[in-house]
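User: Could you take a close look at one part of this structure for me? I would like to hear about the sheet, what packs on it, and the charged pairs around it.

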Amino acid sequence: MTENQPQPPQNPQKPSLVKSLTIQALRGTISLLETAVEKLEAPPPAVPQPSIFAVLWNSWVGVLALVRPILPASISQKIPDWGLTGAFAGILALVLWTSSTIISSKPPELAQVPISGEPVSPSLTEPAPELPVQVEPEELPEPQLTPEQRLIASIQEDISSATSDYAEGLIQSIQANFRGSLLIVKITDEWYNLPPSRQDKLAKNMRQSAKQLDFSRLEITDPRGNLLARSAVVGEDMIILNRRLNTEV
């Protein structure tokens with residue numbers, strides 16, 4: 001064989017079984033990773049929004065949960081949610097129908113049409129403005145006095161007439177204790193301006209008037225409630241206790 005003669009081609013060496021399995025495993029892993037990356041990069045699916053009906057129904061179910069404890073146990077256990085819903089809807093419809101019937105029962109106002117058939121202008125159908133009516137004030141009846149009040153008023157009139165010679169408007173008020181047969185006469189401070197003789201005579205005249213009115217005891221006081229004179233326990237005399245106004249503080 002010469003040196004210039006070509007050599008026959010050598011056969012390539014086949015890969016081993018372990019190397020082939022390793023390559024297949026790597027390719028499978030790469031495919032899984034690419035799939036995972038695609039899923040991660042893909043936009044998230046849109047979440048469906050609940051419908052308005054579903055939101056309203058969920059709210060109504062919450063209301064029914066509050067209403068059921070109020071209902072009797074026999075009704076609450078037997079009637080489902082849709083049954084209660086229908087009952088409430090029927091009641092609401094009945095209320096609306098009743099209200100509309102009451103409102104529509106008012107008769108409409110009819111325009112007046114003359115016999116000649118000519119249309120009437122709106123100004124003629126409107127009512128004329130009412131003129132102000134002068135109302136005279138009603139006289140209130142005098143208050144009715146009780147028998148006891150009438151009797152005290154009569155006593156005050158008698159005592160006032162008996163003391164009219166001493167000072168005008170001397171008597172302020174009179175209190176009568178019919179059970180204790182006691183008459184209390186409150187007079188003004190004019191008492192302190194009278195001389196002692198006039199005070200004695202005034203007290204004596206009051207004593208006689210009280211006796212005629214069937215009062216066995218008499219007390220005379222000033223506007224502040226100070227006792228000026230009183231009837232004696234024994235006899236018909238009056239005991240003068242205070243003749244001058246005490247201005248000391």
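Analyst: Happy to. Since you mention charged pairs, a count is a good place to begin: there are 5 salt bridges, in what is a predicted model. One of them joins the side chains of Asp189 and Arg224, with 2.8 Å from N to O. The two residues are 35 apart in the chain: Asp189 lies in the loop between β2 (182–187) and α7 (196–212), and Arg224 in the loop between β3 (217–221) and β4 (227–231). Asp189 is partly exposed, its relative accessible area being 30%, and Arg224 is partly exposed as well, at 48%.

Arg224 has another partner. Asp222 also forms a salt bridge with Arg224, here with the closest N and O atoms 3.5 Å apart. With a relative accessible area of 0%, Asp222 is buried. Through the shared partner, Asp189, Asp222 and Arg224 are joined into one network.

A further salt bridge pairs Arg243 with Asp200, whose closest N and O atoms are 2.8 Å apart. This pair also links distant parts of the chain, 43 residues apart: Arg243 sits in the segment after β5 (238–240), while Asp200 belongs to helix α7. Both ends are partly exposed, Arg243 with a relative accessible area of 28% and Asp200 with 35%.

Now to the sheet itself. The sheet is open and has 5 strands in the order β1-β2-β3-β4-β5, with mixed pairing. β1 and β5 stand at its edges; each has a single partner strand, so one side of each has no neighbour in the sheet. On average, neighbouring strands are turned by 15° against each other, direction ignored.

Within the sheet, β2 and β3 run parallel and are joined by 5 bridges. Leu183 has Leu218 in β3 as its bridge partner. Two helices pack on the sheet. α6 touches β1 and β2, and its direction makes about 130° with that of β1. α7, the helix that carries Asp200, touches β1, β2, β3, β4 and β5, and its direction makes about 140° with that of β3.

That brings us to the nonpolar residues. The largest nonpolar core holds 25 residues, and those with the most contacts inside it are Leu183, Val185, Ile187, Met206, Leu218 and Ile220. Leu183 and Leu218 are thus bridge partners as well as members of that group. Elements giving two or more residues to the core are α6 (147–162), β1 (171–177), β2, α7, β3 and β4. Of these, α7 supplies the largest share, 4 residues.

Val185 gives a good close-up of this core. Setting aside neighbours within four places in sequence, Val185 is in contact with Ile159, Ile171, Ser173, Ile174, Met206, Leu218, Glu219, Ile220 and Thr221. Among these contacts, Met206, Leu218 and Ile220 are also listed with the most contacts inside the core.

To put the pieces together: α6 and α7 both pack on the sheet, and both give residues to the largest nonpolar core. As for the charged pairs, one salt bridge ties α7 to the segment after β5, and a network brings together Asp189, Asp222 and Arg224.

Methods:
Residues are numbered from 1 along each chain as its sequence is written. This is a predicted model: local features need pLDDT of at least 70, side-chain atom pairs count only at pLDDT 80 or more; totals for chains, interfaces and linings use all residues. Side-chain values use heavy atoms; hydrogens and water are left out. A salt bridge is a side-chain nitrogen of Lys or Arg within 4 Å of a carboxyl oxygen of Asp or Glu. Buried means under 20% relative accessible area, exposed over 50%, partly exposed in between (1.4 Å probe, protein chains only). A nonpolar core is a set of buried Ala, Val, Leu, Ile, Met, Phe, Trp, Tyr and Cys residues joined through side-chain atoms within 4.5 Å. Contact means heavy atoms within 4.5 Å. Two strands pair if DSSP finds at least two bridges between them. Axes are lines fitted to C-alpha atoms, for helices over the stretch in contact, and angles run from 0 to 180 degrees between N-to-C directions.
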